[in-house]
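This report looks at how charged pairs, nonpolar packing and unusual backbone geometry are arranged in a single protein chain. The sequence and the structure come first, and the discussion follows.

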Amino acid sequence: MENTMNHPNSAPTATPNKRGSITKSVKKAAFYLNKGEVVAIPTETVYGLAASIYNENALKKIFEIKDRPYFNPLIVHIDSLQSLNKIAINVPEVAYRLADKFWPGPLTMIFEKNKSISTIITGGKNTIAVRMPNHPLALELIKTVDVPLAAPSANPFGSISPTSAKHVEKYFKNKLDVILDGGSCSKGIESTIIGFKNNEIVIYRLGSLSIEMLESVVGPVSVRKHTQKTPIAPGMLDKHYAPKTPMILCDNPIKTASNLIGKNIGLIVFDKKTLCTDYQIEVLSPSGDLEEAAKNLYAAMHKFDDKGFDLLIAQKFPEVGLGKAINDRLIRACKRDTNFTPNNIFI
């Protein structure tokens, strides 16, 4: 795959641009990527901050914009299996089976990296996280610039991930030239990340591809716990996805809220079974569909985080299918300093 960072025909002539402008133009986004800038892009999971994997200055800008620690690896986004073979080595046969089934899609796989890949991308490690996003604009953009794109979520480090261009604009209006608008993300939570260890599949981050779907192809898998030190993969830190507003997770949000008299509280619940007129409630899926709930999770957190509540209370989800990934995000969103005691959590 050719590096087109200075390719004369890779994008149109520069035009005046308002910082943080939202656009649907892939050519405009490609132009700024080829200039060595960071561009916000849509995927089916969440929006990302993208840069060419071959431009170290642009890669460093991602970390600076997000205030992200350099030990935390980035995910590389590709548009073809041919690209995979140029950035990773010793790809196991089972990975091709998984790619055939789930790519394009919300599955990230970890491989040994090619020597040409900067350790800025890999957090200093010899491994690289790769996926093929299932979003037409993202795939068109990668094809247009003709290089894979490194792209972590387009949010300040540790904050709620963005699922719309407006979320990205709220975070980075004065730090980005272009936000490529691909609409609301269809999945709504990050990709599932897996690795290969001793012929076994290890899940490093639960995500939009459920354990059950993976096991339907490869059999039993194991799940690695979070870490606060040196993560093997992106999204493994113990505290993450957090709103500015303190947040707790419990089985019965209304009962928990009733014990906290005098607090301005917002409730995030799964379905219509949990309704109450005494509080502002965001129902993630009226019909009780886990995929719909996952899609709406971050949007609900963004909405409530802008309303000045004293506390957000989220309902714990069923530990099946995508419910496990949703609970993973909610648990980590709650792990921050608050004025509420740990005894309030999981009531």
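In this predicted model, E190 is buried, with a relative accessibility of 4%, and R329 is likewise buried, at 1% relative accessible area. These two residues form a salt bridge in which the closest N and O atoms are 2.9 Å apart. The pair links distant parts of the chain, since E190 sits in the loop between β9 (178-180) and β10 whereas R329 belongs to helix α11 (residues 323-334), 139 residues apart. Salt bridges with shared partners extend the pairing into one network made up of E190, D328, R329 and R332.

The count of salt bridges comes to 11, and three of them are set out below.

| Pair | Closest N and O atoms | Relative accessible area |
|---|---|---|
| E190 and R329 | 2.9 Å | E190 4%, R329 1% |
| K61 and E37 | 3.3 Å | K61 26%, E37 22% |
| K170 and D306 | 3.5 Å | K170 38%, D306 49% |

K61 lies in helix α2 and E37 in the loop between α1 (26-34) and β2 (39-41), so their salt bridge ties together parts that are 24 residues apart in sequence. K170, in helix α7, pairs with D306 in the loop between α10 and β16 (311-315), and this pair therefore ties together parts that are 136 residues apart in sequence. K61 is partly exposed, as is E37, and the same class applies to K170 and to D306.

Helix α2 (residues 56-66) also has a buried side, made up of A58, L59, I62, F63, I65 and K66. These buried residues pack against β3 (48-52), α5 (119-122), β8 (149-150) and α7 (165-172). At the start of α2, a side-chain oxygen of N55 reaches to within 3.2 Å of the backbone nitrogen of N57, while just after the helix D67 takes a positive phi of about 60°.

Y171 is found in helix α7, and its C-alpha atom is separated by 9.4 Å from that of K66, although the two residues are 105 residues apart along the chain. Leaving out residues up to four places away in sequence, Y171 touches A154, N155, P156, S159, I160 and H302. A polar atom of the Y171 side chain lies 2.7 Å from the backbone oxygen of I160.

The largest nonpolar core has 76 residues, of which L98, W103, L107, M109, L176 and M247 touch the most other members. Helix α10 (residues 290-305) supplies the largest share of this core, eight residues. Beyond its neighbours within four places in sequence, L98 is in contact with W103, L107, M109, I194, F196, I201, L214, V217 and V218. A second, separate core of 18 residues includes V26, A29, L33 and L141.

Some backbone features deserve separate mention. W103, listed above among the core residues with the most contacts to other members, is joined to P104 by a cis peptide bond with omega of about -5°, and P104 is found in the loop between α4 (93-102) and β6 (107-113). Most peptide bonds are trans, and most residues other than glycine have a negative phi. N90, which is not a glycine, has a positive phi of about 55°; it is found in the loop between β5 (88-89) and α4 and counts as exposed at 57% relative accessibility. N199, also not a glycine, has a positive phi of about 65°, lies in the loop between β10 (192-197) and β11 (200-205), and is exposed, with a relative accessible area of 85%.

Note on methods. Residues numbered from 1 in each chain as written. Predicted model: local features only at pLDDT ≥ 70, side-chain atom pairs only at ≥ 80, totals over all residues. Heavy atoms only, no water. Buried < 20%, exposed > 50% of the residue type's maximum accessible area, 1.4 Å probe, protein only. Helix = DSSP H or I, 4+ residues; strand = E, 2+ residues; numbered from the N terminus. Contact = heavy atoms within 4.5 Å. Polar contact = N/O pair within 3.5 Å; in protein donor to acceptor, adjacent residues only side chain to side chain. Core = buried A, V, L, I, M, F, W, Y, C linked by side-chain atoms within 4.5 Å. Salt bridge = Lys/Arg side-chain N within 4 Å of Asp/Glu carboxyl O.
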